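User: I'm new to this structure and would love a close look at one part of it. Could you walk me through how some of the strands are put together, and then show me one residue in detail?

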Amino acid sequence: MPFLKRPQTTEPPVKLWDKKAQKRGPHHTVYSVNGDQYTGEWMDNKKHGKGTQVWKNTGMIYDGDWRCGKREGYGTLSKTDPQTKEYVRVYIGSWRNDKKEGAGTYFYSPSAFYEGQWKEDQRSGWGQMQYENGELYEGDWLKDKHHGQGLLLLANGNRFVGTWSDGQKNGHGKFFYLDRGQLYEGFWVDGVAKCGTMSDFGREAAVRPTVYPIPKVCLQDSQAVLMEARAYFTENKEKSTETTIPSHTVARQYVP
């Protein structure tokens with residue numbers, strides 16, 4: 001009777017060890033060779049679910065959602081304060097593909113922060129930025145710059161409302177000089193006012209009002225101005241007609 005080979009009922013030890021090494025579900029802290037550590041949930045040997053990651057070199061810590069080894073969902077990013085050695089918040093909000101995306105708040109310093117929309121780690125969409133010098137911008141952003149409609153409130157109370165492009169005033173806008181009670185309204189190009197009008201605005205409540213109010217400029221007789229302009233253009237048209245040589249006229253030269 002020939003010898004029949006029976007199939008192996010148990011897996012080789014190599015496969016068993018490999019399965020045990022695969023991280024799946026909740027785990028205790030897992031340390032990396034460079035000193036980083038992660039505590040949380042896994043799936044297919046990747047961080048997936050709720051977890052906390054600590055980076056040793058930068059002193060940063062992330063606590064929140066993960067998906068296939070990347071930060072995705074809602075989470076908080078913090079860093080170590082060099083003086084107090086305590087963690088302070090850096091960013092709180094949404095993540096996608098390991099980058100800030102969606103609604104979130106970023107703290108640049110104790111007195112400067114941004115709250116609004118993000119896209120691929122950049123401020124894009126609607127947002128509000130509080131600067132360290134006391135200025136406040138509220139409006140549209142694109143790739144970390146003011147872009148679209150926005151309001152810039154200066155520390156002294158003056159403000160600009162209008163159109164922005166590539167981080168500068170571009171297009172129609174209004175600049176309120178509330179400290180002296182004046183309003184400039186006009187057109188801007190690359191942060192420079194090109195054409196507009198200046199008028200008094202809230203001069204009675206201004207902190208440092210101008211010595212004299214801006215006089216109103218108006219036409220006493222608008223009909224006379226229109227008639228004068230019409231006569232001027234009519235006269236010029238008649239002169240240009242008289243000096244024009246007809247196209248059918250041919251110059252002749254007689255040779256003796």
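Analyst: In this predicted model, strand β5 (residues 70-80) runs antiparallel to strand β6 (residues 87-96), and eight bridges link the pair. To find one point along this pairing, look at leucine 77, whose bridge partner in β6 is tyrosine 91. Now follow the chain through the turn: the hairpin of β5 and β6 has six residues between the strands, and there lysine 85 takes a positive phi near 65°.

β5 also pairs with strand β4 (residues 60-67), again in the antiparallel sense, over seven bridges. Here you can pick out glycine 64, which stands opposite glycine 75 in β5. β4 and β5 form a hairpin too, with two residues between them. In that turn, cysteine 68 has a positive phi of about 55°.

For the single residue, let's move along to arginine 123, which you will find in strand β9 (residues 122-130). Is arginine 123 buried or exposed? Arginine 123 counts as buried because its relative accessible area is 12%, and the cut-off for buried is under 20%. Its side chain makes a polar contact of 2.8 Å with the side chain of aspartate 144. Setting aside neighbours within four places in sequence, the residues in contact with arginine 123 include Tyr108, Tyr114, Gln117 and Trp118, as well as Met129. Trp141, Leu142 and Lys143 are also among its contacts, together with Asp144, the partner in that polar contact.

How values were computed: Residues are numbered from 1 along each chain as its sequence is written. This is a predicted model: local features need pLDDT of at least 70, side-chain atom pairs count only at pLDDT 80 or more; totals for chains, interfaces and linings use all residues. Side-chain values use heavy atoms; hydrogens and water are left out. Helices (H or I, at least four residues) and strands (E, at least two) are DSSP runs, numbered from the N terminus. Buried means under 20% relative accessible area, exposed over 50%, partly exposed in between (1.4 Å probe, protein chains only). A polar contact is a pair of N or O atoms within 3.5 Å; within protein, one must be able to donate a hydrogen and the other to accept it, and residues adjacent in sequence count only if both atoms are side-chain atoms. Contact means heavy atoms within 4.5 Å. Two strands pair if DSSP finds at least two bridges between them.
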